Amino acid sequence: MNTEKRVRVRFAPSPTGGLHLGGVRTVLYNYLYAKKHGGDFILRIEDTDQTRFVPGAEEYIFDCLKWCGLNPDESVRNEGPYGPYRQSERKEKYRLYAEELIAEGHAYYAFDTPEELDEMRRKYKNDENPQPQYDNKVRMRMKNSLTLSGEDVHELIRSNTPYVIRIKMPENETVSFNDMIRGEVSFNTSLVDDKVLLKADGMPTYHLAVVVDDHLMKISHAFRGEEWLPSAPVHILLWKYLFGLDKMPHWAHFPLILGPNGKLSKRDGLKYGFPVFAMNWTDSKTGELTEGFKEKGFLPEAFINLLALLGWNDGTEQEVFSIDELIEKFSMGRVHSAGAKFDYEKAKWFNHEWIKKLDAGSLKERVVEVLEAKNVKVQDEKLLLKVIELVKDRCTLLTDFYEQSAYFFKTPENIDLSPIQPKWNDKKNLFFIELLRNFELENSWEAHQLENSFKEIASVNDLKPGEVMLPLRIMLVGGKFGPHVFDIAALLGKAETIQRVKATLKVLEGA
RNA sequence: GCCGCGUUGGUCAAGGGGUUAAGACGCAUCCCUUUCACGGAUGAAUCACGGGUUCGAUUCCCGUACGCGGUACCA
């Protein structure tokens, strides 16, 4: 195997819809590995299935990667020397290799129609073999260049009979390779089917394309999800036949990210109320919107962090990592081999940690976005920064900034009086009238000063400060939450504070 | 069915022949706080099972069970 070549890794999604958590983690591990080793991260679009073309899906993938900060070094948007980076545009390249395999006896033409394939499956299906494969046991009974005469084959091709090219899996050989995460993995070739390499429309299947492109693009390390492990022997053999095992990239198959039942799916998200895609995705056919982590209020820093730790850790107790720390500390050897169940509670914890960790300046723009989406206008940036600093500890998702800070920028529409109304009395009313008078005379308008005079007036009125602090909070905030009341009043300013107290007092008096 | 990969608290997990089997999330209780959080403390909760190997297995080997993945002219 090539050990000294420049590190080049690739993420090869098929642009068919939303970009899944597991997909982003695959991107991340590829990216981290590339950056750690000073290599290249390539994005290759696997769009060989024309029936599954989804408009906008490719752009969406770029948007997601951009949001995550995992931009490729080479892609359809940033071509390197190994383009094109879209497989549909490389169509012509694959046939040659498929023909080469046939010439060497490693593949064959197959003319079986879909109906004939169905029939074969029906015929051989039984309890012992519920899903018959097109393999060494049946290939000699099918319509292909192994069973037909050379003349017949030529004639069929000449008459434009649709055909595919299948790999001819050897019988009873052991194919093994060394997976960077799992160690040696081996397969008996008799149990693997004769996968289609080139489809009737002339497009390659994933199996051919991945090998050819990894070779042509000089990929040094091929990383992908565990769902690909069963077809690895096909890829290994293709490497052996076409380019030589010594040129083959190093492999690693990442553990799956599981949902409550099996491989995490879009459905799980819907069912259990958490996002599965990186960003919002709208199905163009059904119009169905699937919510993304971004829109749910996740920071990309946290999203990356949580994904990195789902299947990997650095062996210490550290859990919060910046992307630079991840690049520094990542190693394939510490990636788990077992699947990890996604835990949304823990995901939120990561986000909370990142909100607490980031300073107001770095949070600013994203908070403005949240507020403006809810029609809260922010004019005063200095105020905004102070507000963020004051409330960020109590925001788990970015969207929480709305509830936690909107009242600084506009008078609350709903004042929840239920916690104070039952205990409201003349004594408290008098207190607030006096407090208001005091506020009017106050010059410094600073939290400590406000608190001191508040307590003084309370004791003069024979009230415990606690009895009137909650009412003040509700008058200013609208509910039982938020930072220290006097910090709130200080930031609200004299005029606004007085106005809010007056307004609510009026309601309470009227009741 | 067959093939492959897995299996440490509910979840993420460290550890890997001798440990009181870390830590985190979540949960519970308490402290702090006259709100809600943050923070701090404490607690409940784990090596799937059976055989080996060994003086000694959670750790190594083999089975079994279970889970997941694959079994398409989809990736």
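**Exercise 1.** Which helices and strands each supply at least two residues of the lining of the largest pocket?

*Solution.* This is a predicted model, in which local features need pLDDT of at least 70, side-chain atom pairs count only at pLDDT 80 or more, and totals for chains, interfaces and linings use all residues. Residues are numbered from 1 along each chain as its sequence is written, and side-chain values use heavy atoms, with hydrogens and water left out.

Step 1. Helices (H or I, at least four residues) and strands (E, at least two) are DSSP runs numbered from the N terminus. A pocket is an open set of points on a 1 Å grid over the protein atoms alone, where a 1.4 Å probe fits, with protein on both sides within 12 Å along at least five of seven lines; lining residues have an atom within 4 Å of a point.

Step 2. The largest pocket has a volume (the space filled by probe spheres set on the points) of about 1,200 Å³. Its lining has 45 residues, and Ala12, Pro13, Ser14, Glu227 and Trp228 are the closest to its centre.

Step 3. The elements asked for are β1 (8–11), α1 (21–36) and β8 (221–225). With five residues, α1 gives the most.

**Exercise 2.** Locate Asn375 and state whether Asn375 is buried or exposed.

*Solution.* Step 1. Asn375 sits in the loop between α13 (360–373) and α14 (381–391).

Step 2. Its phi is near 65 degrees, a positive value in a residue other than glycine. Most residues other than glycine have a negative phi.

Step 3. Buried means under 20% relative accessible area and exposed over 50% (1.4 Å probe, protein chains only). Asn375 has 57%, so Asn375 is exposed.

Technical notes:
Chains are lettered from A and ligands numbered from 1 in the order in which they are written.
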